[in-house]
Amino acid sequence: MKKRVLILGSTGSIGTSALVVARQIPERMEIVGLAAGTRFEQLDQQAREFGVTHLCLADESKLSELKGQERDLYGGADGLVELVEATKPDLVLVAIVGVQGLRPTLKAIEMGCDIAVASKEILVMAGEVVMNAARRKGVHLLPVDSEHNAIFQCLEGHQGGNEELRRLIITASGGPFRTWPQEKLREVTLQDALRHPTWEMGQKITIDSATLFNKGLEMIEARWLFDIPMSKVEVVVHPQSIIHSMVEFIDGSVLAQMSTTDMCFPIQYAVAWPDRLPNKLKPLDFAALAKLEFEKPREDAFPALRLSREAGQTGGTLPAVLNAANEVANEAFRHHQLDFVGIWKTVEETMRRAEHIDSQELEIVVHADREARDIARSLI
Ligand code: MG
């Protein structure tokens, strides 16, 4: 069956990988709409290559650059929702950074579309509301993040309930500072932090991988996605990034999912699900791998995991606050307005100061997000 796929965030790193997948499995994946933030030239090129006429650009001032052909153009944050309504896709790949992905996701769920979720914010900020809506509508949430996709694969065919799961084990590369002494972390430069050992990604997420906030956000996502208490979500450092995550069952059996590090694997799995399709992606060469290592994460030196666990356990608006404060602090670090250690401090202080509301309704989390940004900015 060919799936009609709408890609929100088509010019980012996940979006472009999704189009690599679309080139490889054209008989199974038809692109019916594309949305980008500001890169109108790249969006225009993608639209031409895949014959897509429904386009959205968040930056409305550049919208006129896309005119000239028979196209349906949408702009701004409302445009994302309108694009979902106009294209009526089978599957929406949500790969936009930030809070903007939330509204179109809820709209798509309401319309009965499956969601391939790559944006962390959706499950971090509103995991409870999104998962409840999906369950109500009988919509599938297919995780595209490599870790959650791995867990999703390990749980395929598992007939028992979640009480048969002992723990979800999320693997982390550990980032570029895995072995740095704690005192030295103050001196981290932007260049140091942008050097990720195994994955090539956008700047924001690369910094999040260095602070381990990326892993912390993934813990929170897993908690909602798999409907499991936070206490059963663990992180293990695995520098080779070959095992993408694992599930341990109550009988002590552990299932792991492995592949070379290429986001095309989880994206293809989400699009082709529940089928598996052949592709030209690089297979694992076990002889060349030599070894797989594991170690305990250094929670004392990298407070992101502790803060994320606290936010996930508390629920309500606290995960949204953590996420927003981290986004502000991450950006400030990239603009040399904050040192590396200051990212954690800003997030923790914002969590202490922000008002907590025990709800994840859309308006409430959007408000909490805005308030947390103000607090974080005032701290920087
Ligand atoms: Mg990940």
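This report walks through the magnesium site and some backbone features of a predicted model.

## The magnesium site

Let's start with the metal. Three acidic side chains coordinate the magnesium ion: Asp145 through OD, and Glu147 and Glu218 through OE, at 2.2 to 2.4 Å. Along the sequence, these donors follow the spacing D-x1-E-x70-E. Glu147 belongs to helix H6 (residues 146-155) and Glu218 to helix H9 (residues 213-225), so this pair ties together parts that are 71 residues apart in sequence.

Are the two glutamates buried or exposed? Glu147 is buried, with a relative accessible area of 7%, and Glu218 is buried as well, at 1%.

## A cis peptide bond

Most peptide bonds are trans. Here, though, have a look at Trp273 and Pro274, which are joined by a cis peptide bond with omega of about 5°. Pro274 sits in the loop that runs between helix H10 (264-272) and helix H11 (286-289).

## Positive phi angles

Most residues other than glycine have a negative phi. Asp227 has a positive value, near 50°. You will find Asp227 in the loop between H9 and strand E9 (233-237), and H9 is also the helix that holds the metal ligand Glu218. Asp227 is partly exposed, with a relative accessible area of 46%.

Ser241 is another non-glycine residue with a positive phi, again near 50°. Its place is the loop between E9 and strand E10 (243-249). Where Asp227 is partly exposed, Ser241 counts as buried, at 6% relative accessibility.

Key: Residues are numbered from 1 along each chain as its sequence is written. This is a predicted model: local features need pLDDT of at least 70, side-chain atom pairs count only at pLDDT 80 or more; totals for chains, interfaces and linings use all residues. Side-chain values use heavy atoms; hydrogens and water are left out. Donors are N, O and S atoms within 2.8 Å of the metal (3.2 Å for Na, K and Ca); water is not among the atoms, so sites may look incomplete. Helices (H or I, at least four residues) and strands (E, at least two) are DSSP runs, numbered from the N terminus. Buried means under 20% relative accessible area, exposed over 50%, partly exposed in between (1.4 Å probe, protein chains only).
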